[in-house]
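Take a look at the structure below. Then let us walk through it step by step.

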Amino acid sequence: MALRVGVIGGGQLARMMIAPAVELGIDIRVLAEDEGMSAQLAATAVGDYRDLDTVRRFAADVDVITFDHEHVPQEVLRALVADGVAVHPGPDALRFAQDKLDMRARLADLGAPQPDWARVADVGELQTFLDAHGGRGVVKTPRGGYDGKGVRVVSAAEEAADWFSGLADGDALLVEELVPFVRELAQQVARRPNGESVSYPVVETVQKGGVCAEVIAPAPGVDAEHLAEAARIGREIAEGLGVTGMLAVELFQTEDGRILVNELAMRPHNSGHWSQDGAVTGQFEQHLRAVADLPLGETTPHADWSVMINILGGPADAGMLDRVPAALAASPQAKVHTYGKAPRPGRKVGHVNASGSDLDTVLAEARAAADAFA
Ligand SMILES: Nc1ncnc2c1ncn2[C@@H]1O[C@H](COP(=O)(O)OP(=O)(O)OP(=O)(O)O)[C@@H](O)[C@H]1O
Ligand SMILES: [Mg+2]
């Protein structure tokens, strides 16, 4: 019988695990939130991932549970573990990707470099932090944020008053110093339950309007020292937190060359999509290998440069698939990935990968294909 991997969540990350699962002979099954989701091809169940009975029923027919997102409640995850289900990443690791306050506290314990931060329970506490940090800061809701939602740059504590009034008793917000970064990087690591791990070269991520727009692998101009430092930070976090599967560490690079940890994702991540076509082992295959406790694959890039460009929003006339031929024609070297999602302003509906020896040429090729979806 084929090894059965159950993925909770039917988004594009689950969708992109399907092809490598088929290649490896893994029986991949998805618990989707709704009918017609991105990963519907592998959906064997539709239901609420917050409902223990639903998740239990789904988990009963698989050998390992993993995720398309980090929103499955801790109570549900812990009940699965108590049932004897293999859950990767496990709840003890995943909580640090679920709650940014828990993450900051744990990274401090591990000695990972990170921005100054504080837990703030009211406007007064926030103002105290701002006063100590040049009057500005970045306020974050600890849970449930994505694509920049739940992140607000403020120059007065009052600007976060609505978030404070929405907090449940005993809850708090995270505030961080506004890091004057020169660019954002991301480090991908894969780690098996037996502790074996591999790292990808650190990449540069370019955000527009709080959403990842482009990724360049490896990060241009990064020297051997920073390459090694980013890999070390990634490995130490994977180890220290006991992460299994893919880990993405979002990083800031500062003017004086420091690298600080922004946040963590314990699953394939947008910053690693380039590896699907640009590395010996893509992150979706690597995630499956890691959570199934199979030997990990090489992470070596196929070319000097790889570029990933997100297709954001998609064509206004909703004719996403109608544009594919034009994208393929615009750049025969580029690889087009579509997510089967309805276009909507700002929504990630696909991406384009390209690789080669000259970065400008690779960027132009990827952009030519991506522009066909504008
Ligand atoms: N302390 C900070 N200083 C400066 N800029 C920041 C800081 N924290 C976040 N940002 C900016 O806001 C973006 C989104 O923040 P963060 O990654 O915490 O949010 P998210 O919504 O959870 O992320 P994602 O877009 O990865 O889902 C970052 O990529 C960065 O550009
Ligand atoms: Mg982020």
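The paragraphs below go from the bound ligands to the aromatic rings.

Keep in mind that this is a predicted model. Start at the magnesium ion, ligand 2. Which residues coordinate the ion? The protein donors are Glu250, listed twice through OE, and Glu263, also through OE. Their distances run from 2.0 to 2.8 Å. Glu250 sits in strand β13, and Glu263 in strand β14. The two residues are 13 apart in the chain, so this pair links distant parts of it. Is Glu250 buried or exposed? Glu250 is buried, with a relative accessible area of 18%. That value falls under the 20% cut-off, and therefore the residue counts as buried.

Now consider the geometry around the metal. Six donor atoms surround the magnesium ion, at angles of 51 to 175°. For six octahedral donors, the ideal angles are 90 or 180 degrees. Here the arrangement is irregular because of the angles that the donors subtend.

Move on to ligand 1. How many residues surround ligand 1? There are 21, and the closest are Lys100, Lys140, Gly148, Glu184 and Glu263. Glu263 is thus listed here and also among the residues that coordinate the magnesium ion. Polar contacts add detail. The side chain of Lys140 places an N or O atom 2.7 Å from an oxygen atom of ligand 1. For Glu184, a side-chain N or O atom is likewise 2.7 Å from an oxygen atom of ligand 1. Glu176 meets a nitrogen atom of ligand 1 instead, with a polar side-chain atom 2.9 Å away.

Next come the rings. The model has two aromatic pairs. One joins Phe181 and Phe252, with 4.9 Å between the centres and 5° between the planes. Why is this pair called stacked? Planes under 30 degrees apart count as stacked, so 5° qualifies. Phe181 lies in strand β9 and Phe252 in strand β13, so the pair ties together parts that are 71 residues apart in sequence. Phe181 is partly exposed, at 36% relative accessible area, whereas Phe252 is buried, at 7%.

The other pair is Tyr200 with Trp274. This pair is edge-to-face, with centres 6.2 Å apart and planes at 90°. Tyr200 lies in the loop between β10 and β11, and Trp274 in the loop between β14 and α9, so the pair ties together parts 74 residues apart in sequence. Both residues are buried.

Finally, look for charges over rings. The charged end of Arg152 sits over the ring of Trp163, 4.2 Å from its centre. Arg50 lies over the face of Tyr49, 5.7 Å from the ring centre.

How values were computed
Residues are numbered from 1 along each chain as its sequence is written. Chains are lettered from A and ligands numbered from 1 in the order in which they are written. This is a predicted model: local features need pLDDT of at least 70, side-chain atom pairs count only at pLDDT 80 or more; totals for chains, interfaces and linings use all residues. Side-chain values use heavy atoms; hydrogens and water are left out. Rings of Phe, Tyr and Trp (its six-membered ring) pair if their centres lie within 6.5 Å; planes under 30 degrees apart count as stacked, over 60 as edge-to-face and the rest as tilted. Helices (H or I, at least four residues) and strands (E, at least two) are DSSP runs, numbered from the N terminus. Buried means under 20% relative accessible area, exposed over 50%, partly exposed in between (1.4 Å probe, protein chains only). A charge sits over a ring if NZ of Lys or CZ of Arg is within 6 Å of the ring centre and within 35 degrees of the ring normal. Donors are N, O and S atoms within 2.8 Å of the metal (3.2 Å for Na, K and Ca); water is not among the atoms, so sites may look incomplete. Four donors count as tetrahedral if all angles lie between 85 and 135 degrees; four count as square planar and six as octahedral if opposite donors are over 155 degrees apart and all others between 65 and 115; anything else is irregular. A residue is near a molecule or strand if one of its heavy atoms lies within 4 Å of it. A polar contact is a pair of N or O atoms within 3.5 Å; within protein, one must be able to donate a hydrogen and the other to accept it, and residues adjacent in sequence count only if both atoms are side-chain atoms.
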